[in-house]
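Here are my notes on the model you sent round. I've gone from the overall layout to the core and then to a handful of individual residues.

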Amino acid sequence: MAEPRFLVVRNDEEQYSIWSADRDLPAGWHHTGFAGSREECLAHVDEVWTDMRPRSVREALS
């Protein structure tokens, strides 16, 4: 049995998550171009999501 594949996804507020590659993305979420195992995707999210605040909050505070 093949290992499940996941996608790294991001919403319009620039919040990240992972999503099973064999399921349709929910509304408002977009594939970032990174895919891999669950562990690879979580490691990628840890690397790229350096500011957990939603985009609207970051913009309001700048």
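1. A word on terms before anything else: I call a residue buried when its relative accessible area is under 20%, exposed when that value is over 50%, and partly exposed in between. Keep in mind that this is a predicted model. On that count, 21% of the 62 residues in the chain come out as buried.

2. Overall layout. The chain has two helices and three strands, and going along the sequence they come in the order β-β-β-α-α. Along the principal axes, the C-alpha atoms fill a box of roughly 50 × 25 × 15 Å. If you look at contacts with a separation of 6 or more, 43% of them are between residues 24 or more positions apart.

3. Surface and charge. I get about 4,500 Å² of accessible surface for the chain, and carbon and sulfur atoms hold 50% of that. There are 7 positive and 12 negative charges, and the mean positions of the two sets sit 3 Å apart.

4. The core. Which residues make up the largest nonpolar core? There are seven: F6, V8, Y16, I18, C41, V45 and W49. At least two of the core residues come from each of β1 (6-11), β2 (16-20) and α1 (38-48). V45 is a good one to click on: leaving aside neighbours within four places in sequence, V45 is in contact with V8, Y16, S17 and I18.

5. The two sides of α1. C41, H44 and V45 are the buried residues of this helix. They line one face of α1, because they fall within an arc of 100° when you look down the helix axis. The general rule behind this is that an α-helix has 3.6 residues a turn, so residues three or four places apart point the same way. As for what lies over the buried residues of α1, the cover includes β1, β2 and β3 (29-36). On the other side of the helix, E39, D46 and E47 are exposed.

6. Y16. This tyrosine belongs to strand β2 and is one of the residues of the largest nonpolar core. Is Y16 buried or exposed? Its relative accessible area is 16%, so Y16 counts as buried, given that the cut-off is under 20%. Outside its neighbours within four places in sequence, Y16 is in contact with V8, V9, R10, W29, T32, V45, V48 and W49. For W49, the C-alpha separation from Y16 is 6.9 Å, with the two positions 33 residues apart along the chain.

7. W19. Strand β2 also holds W19. With a relative accessible area of 24%, W19 is partly exposed. Not counting residues up to four places away in sequence, W19 touches R5, F6, L7, V9, D24, L25 and P26. One of these partners, L7, is twelve residues away along the chain, and its C-alpha atom is 5.2 Å from that of W19.

8. The loop between β1 and β2. Two glutamates are worth a look here. E13 lies in this loop and, at 26% relative accessibility, is partly exposed. Where does E13 make contacts beyond residues up to four places away in sequence? E13 touches P54, R55, S56 and R58. The C-alpha atoms of E13 and R55 are separated by 4.8 Å, although these residues are 42 apart along the chain. E14 is in the loop between β1 and β2 as well, and its relative accessible area of 28% makes E14 partly exposed. Please check the backbone of E14: its phi is positive, about 60°, and the residue is not a glycine.

9. S37. This serine is placed in the loop between β3 and α1. S37 is a buried loop residue, with a relative accessible area of 8%. Setting aside residues up to four places away in sequence, S37 touches E3, P4, R5 and F6. Of these partners, F6 is also one of the residues in the largest nonpolar core.

Definitions and conventions:
Residues are numbered from 1 along each chain as its sequence is written. This is a predicted model: local features need pLDDT of at least 70, side-chain atom pairs count only at pLDDT 80 or more; totals for chains, interfaces and linings use all residues. Side-chain values use heavy atoms; hydrogens and water are left out. Helices (H or I, at least four residues) and strands (E, at least two) are DSSP runs, numbered from the N terminus. Buried means under 20% relative accessible area, exposed over 50%, partly exposed in between (1.4 Å probe, protein chains only). Contact means heavy atoms within 4.5 Å. Accessible areas come from the Shrake-Rupley method with a 1.4 Å probe; for residues, only the protein chains shown count as cover. Lys and Arg count as positive and Asp and Glu as negative; His and the chain ends are not counted. The place of a charge is taken as NZ of Lys, CZ of Arg, CG of Asp or CD of Glu. A nonpolar core is a set of buried Ala, Val, Leu, Ile, Met, Phe, Trp, Tyr and Cys residues joined through side-chain atoms within 4.5 Å. The arc is that of the directions from the helix axis to the C-beta atoms.
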